[in-house]
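Welcome! Let us walk through this structure together, one part at a time.

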Amino acid sequence: MLAARHNRRMNQPGPSPLAAGDPQLGVDAARAAIAAALRPIEGSETVPLLQAGGRVLAADLVSPIDVPAHDNSAMDGYAFVGSALAAEGPSAFSVVATVYAGQPFDGAVGAGECVRIMTGAVMPAGLDTVVPQELCRAESGRIVVEAGVMRRGENRRRRGEDLAAGKPALRAGRLLKPADIGLAASLGFEALEVKRRLRVALFSTGDELRAPGQALDPGCIFDSNRFALLAALQRLGFEAIDLGLVRDDPAALEAAFETAMASADAVLTSGGVSVGDADYTRALLARLGEVAFWKVAMRPGRPFAFGPLRGRGERTSWLFALPGNPVAALVTFYVFAREALLQLAGAVPQPLPLLRARCTSPIRKRPGRTEFQRGVVAPAPEGGWQVGLTGAQGAGILRSMSEANALVVLGHDQGSVAAGDAVDVWLFDGLT
Ligand code: AMP
Ligand code: MG
């Protein structure tokens, strides 16, 4: 995901990321440790084609037919035997039939003859060349093609040239997009075998949190993380299991984890857990699995915890414990959890592209951590793209993220940015 140019410079020696203690990690090392630990879920189901969009293809989709199924015309024009074209001077053919798409012509076409043919119509036997109607002239039942205008075989689409029967049209692990659904339809599939939906349990932790709709007691705030994360999970097509609010209390936390582990492939939490500052949290997670508490060299989102939780019967749920600050929770979700959850769901990871944009204002930054600032990318007056930051960038200022359409990614080794410098930006759309 993050630009190869700064990834390559980020060499992160040190302890194994899943070891005890609180390893200091760079963003890319943390991402790599997560990717290396995860194994995709088992299980698939067959769903109607129109329910397969956004799902993960479970097995290679092998084409049962040649595409196209017949040699056919790529143009509206006239089909004839290409070898009959004269090297010099005009060639004339008399028009003996009109051939429409979906209505094959099985009559004979003799020497000096041609058929009028429509785009997509099957090429009559023996004919191999189509002259588009605008490149010939019609004269009393004949068409005339000047020398040099056409070459033999032009404007004919050959049977199987897009895809031969028996070849995979789509590979397992494909996150199915509209064109894939169209492709599957073009091969005659009414239904597709997709991976079962990933089940993701989530809860928010913190005594100060209240759910929207509840009274806001003194000193309390509304829980926003759970809703932002539920919305993100929804866009990814996962099955979210909302476990609500959990108090900063050992028994409540343990109960929430037990429920989450029993029902989900992955568990997302936000708040105190990732910091692990309460000893009981660490003790609990040590009992339930092998969770590592990381200090990631990034801003926002330094505290983060990840690891397997071992439920009864050997089942593993993967914990992603996100920081509590709303922007940090979302940024760490995008940076660490999104691709990891897709990987768990059986999708082949598709790194998201970084765009280069000219930064409209200076940004202070020190080398040694990756920063994700919130910005608005827009066309630059001089061409290309520009990006401006969305005001104050505190990790708790959710509005900065809401107003943004992109994250400005300032690499680990990068220093301050001057106004006008090009920076990497990561567009939200496509982050789904
Ligand atoms: P914590 O990581 O629990 O120390 O939380 C860090 C900051 O994020 C605190 O100001 C919390 O009140 C806030 N916070 C934690 N969880 C949430 C949440 N679910 N929604 C909004 N703010 C939160
Ligand atoms: Mg808290």
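Which atom of ligand 1 lies 3.2 Å from a backbone N or O atom of Asn-325? It is an oxygen atom of ligand 1. Such a polar contact is a pair of N or O atoms within 3.5 Å. Two other residues reach nitrogen atoms of ligand 1: a polar side-chain atom of Asp-223 lies 2.7 Å from one, and a backbone N or O atom of Gly-324 lies 3.2 Å from one. The protein buries 75% of the 480 Å² that ligand 1 exposes when taken alone, with areas from the Shrake-Rupley method and a 1.4 Å probe.

Before going on, please note that this is a predicted model, where local features need pLDDT of at least 70, side-chain atom pairs count only at pLDDT 80 or more, and totals for chains, interfaces and linings use all residues. Residues are numbered from 1 along each chain as written, chains are lettered from A and ligands numbered from 1 in the order written, and side-chain values use heavy atoms, leaving out hydrogens and water.

Now for the sheet. It is open, with 7 strands in the order 1-19-21-22-18-14-17 and mixed pairing; strands are DSSP runs of E of at least two residues, helices runs of H or I of at least four, and pairing takes at least two bridges. Strand 1 (24-25) and strand 17 (239-246) are the edges. Strand 1 runs parallel to strand 19 (residues 292-296), joined by 2 bridges, and Gln-24 has Lys-295 as its bridge partner there.

Helix 7 (residues 326-344) packs on this sheet, touching strand 22 among others; contact means heavy atoms within 4.5 Å.

Methods
Axes fitted to C-alpha atoms, helices over the stretch in contact; angles between N-to-C directions. Polar contact = N/O pair within 3.5 Å; in protein donor to acceptor, adjacent residues only side chain to side chain.
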